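Student: Hey, have you got a few minutes to walk through a structure with me? I'd like to hop between topics as we go.
Tutor: Sure, let's bring it up and start from one residue.

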Amino acid sequence: MHDDLPDQPSARAQVCAVLVTYHPDSGFPARLSRIVPQVGATVIVDNGSTDAGLKMLRELSAAPAPTLVFNFENLGIARALNIGVQRALAGGYSWALLLDHDTLVDEDMVDRLLATLATCRGERVAVLGSRFRDTHGLAIDPRRLGARSEHWEEVESVITSGSLLSLAAYAAIGPFRDDFFIDYVDTEYCYRARAAGYRVIETLRPLMSHTLGAPTAHKLMWATRWTTNHSPDRRYYIARNNTVLLREYGTSGRGPWQWKSIVRCLRLCKRIAYFEQDKLRKIFAVGQGWWDGVHGKMGPRRTARRSTPL
């Protein structure tokens, strides 16, 4: 325990970790072992992993043993989160720590989050997000690496993994939107929370190691460009759900939401064409996502429901 952090066993006991797994790798038990001692309980919701993944989850030796919930198909990140959060609510917990299965948390993450929460008095805070160190070397805001204390700032949205979710606020705001399936699920929830008068805050100090997609760096003249190399299915959800957010919430800037959405999709297609593999399938998926977003066609992508990676 760090000298500047008081021991907070009663506060930690009010936190339930909710992890969503999808084909977890062999390093998952070691990552889980960092989480379990920091929280009052752990719920793992598996989204249709293979037999090997399910066997590993059943053999977990973390103490206390996590609660396991097995979905027999990929129901999407939003549905899985809602299942886990409902377990936390039923258990009487006050906060849910949401995590992806590939996130490596710091050993004092929960104490740091609780200390950060105390500095803003927790007043109408719906979500407290954690900044992170990118495991693939993607460029990060220098403030994420330079902060040495529990400084925080109010933001529009935070990523799901590493976020501390107020269960009282969740009960008032409503669940994550199942029809988003994956991508922008966290952003939409944060927008909805802010519209309801709640606050979304984020630590300036990184509290975990995490990555978005499988990023690679590419030299373009004198500049370095990054791309995430998401699968065609993920490109579909990114394009569709971003379009829906533009339609329902709007963004800064001028012009109709349809125009802003197609400009973003074209930029995405340009990056795919320059730097990524499987270009045609991904560009087609972006176009299909934009079309479905404009026409309000939600839920799992109809052509690839079972194959979408988390």
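Student: Leaving aside its neighbours within four places in sequence, which residues is Phe70 in contact with?
Tutor: Phe70 touches Asp46, Leu54, Leu57 and Arg58, once neighbours within four places in sequence are set aside. Keep in mind that this is a predicted model.

Student: And what does Arg58 do relative to the ring of Phe70?
Tutor: Arg58 lies over the face of Phe70, 4.8 Å from the ring centre.

Student: Where is Phe70 found, and is it buried or exposed?
Tutor: Phe70 sits in strand E3, residues 67-71. As for burial, Phe70 falls in between: its relative accessible area is 23%, so it counts as partly exposed. One more neighbour in space is Gly48, whose C-alpha is 7.1 Å from that of Phe70, with their positions 22 residues apart in sequence.

Student: Let's zoom out. How many helices and strands are in the protein chain?
Tutor: The protein chain has 11 helices and 11 strands. Of its 310 residues, 51% are buried. The accessible surface of the chain is about 14400 Å², and carbon and sulfur atoms hold 55% of that.

Student: What share of the contacts with a separation of 6 or more comes from residues 24 or more positions apart?
Tutor: That share is 78% in the protein chain.

Student: OK, the inside. Which residues have the most contacts in the largest nonpolar core?
Tutor: Leu98, Ala126, Val127, Leu165, Ile173, Phe176 and Tyr189 do, in a core of 40 residues. Several elements supply at least two residues each, including strands E1 (15-21), E2 (41-47), E4 (95-100) and E6 (125-134). On the helix side, H4 (77-90), H7 (167-173), H8 (185-195) and H9 (232-249) each do so too. Helix H4 gives the largest share of this core, six residues.

Student: Why would nonpolar side chains be buried together in the first place?
Tutor: I can only offer the general pattern: in soluble globular proteins, nonpolar side chains tend to be buried together.

Student: Take Ala126, then. What is it in contact with, leaving aside neighbours within four places in sequence?
Tutor: Ala126 is in contact with Leu164, Leu165, Ser166, Ala169, Ile173, Ala193, Tyr198 and Arg199. Apart from the largest core there is another one, of 29 residues, with Leu113, Leu117, Leu207 and Met208 among them.

Student: Switching to rings: how many aromatic pairs does the count come to?
Tutor: The count is seven aromatic pairs. In one of them, the ring centres of Tyr170 and Phe176 are 6.2 Å apart and the planes meet at 50°, so this pair is tilted. Tyr170 and Phe176 are both buried. They also form one aromatic cluster together with Tyr189.

Student: What about Phe181 and Tyr237, how are their rings arranged?
Tutor: Their centres are 5.2 Å apart with planes at 20°, so Phe181 and Tyr237 count as stacked. Phe181 is in the loop between H7 and H8 while Tyr237 is in helix H9, so the pair ties together parts 56 residues apart in sequence. Both Phe181 and Tyr237 are buried.

Student: Which residue lies over the face of Tyr198?
Tutor: Arg124 does, at 4.0 Å from the ring centre.

Student: Last topic, charges. How many salt bridges are there?
Tutor: The count comes to 18 salt bridges. One of them joins Arg131 and Glu202, at 2.8 Å from N to O. This pair links distant parts of the chain, with Arg131 in strand E6 and Glu202 in strand E9 (residues 199-210), 71 residues apart.

Student: Are Arg131 and Glu202 buried or exposed?
Tutor: Arg131 and Glu202 are both buried.

Student: And where do Arg235 and Glu276 lie?
Tutor: The side chains of Arg235 and Glu276 meet in a salt bridge of 2.3 Å, N to O. Arg235 is in helix H9 and Glu276 is in the loop between helix H10 (257-275) and helix H11 (279-294), so the bridge ties together parts 41 residues apart in sequence. Arg235 counts as buried at 4% relative accessibility, and Glu276 is buried at 1%.

Student: Which residues do salt bridges with shared partners join into one network?
Tutor: Arg177, Asp179, Arg247 and Glu248 form that network. Within it, the closest N and O atoms of Asp179 and Arg177 are 3.0 Å apart. Asp179 is partly exposed, with a relative accessible area of 26%.

Key
Residues numbered from 1 in each chain as written. Predicted model: local features only at pLDDT ≥ 70, side-chain atom pairs only at ≥ 80, totals over all residues. Heavy atoms only, no water. Helix = DSSP H or I, 4+ residues; strand = E, 2+ residues; numbered from the N terminus. Buried < 20%, exposed > 50% of the residue type's maximum accessible area, 1.4 Å probe, protein only. Contact = heavy atoms within 4.5 Å. Areas by Shrake-Rupley, 256 points an atom, 1.4 Å probe, with all protein chains shown as cover. Core = buried A, V, L, I, M, F, W, Y, C linked by side-chain atoms within 4.5 Å. Phe/Tyr/Trp six-rings, centres within 6.5 Å; stacked < 30°, edge-to-face > 60°. Lys NZ or Arg CZ within 6 Å of the ring centre and 35° of its normal. Salt bridge = Lys/Arg side-chain N within 4 Å of Asp/Glu carboxyl O.
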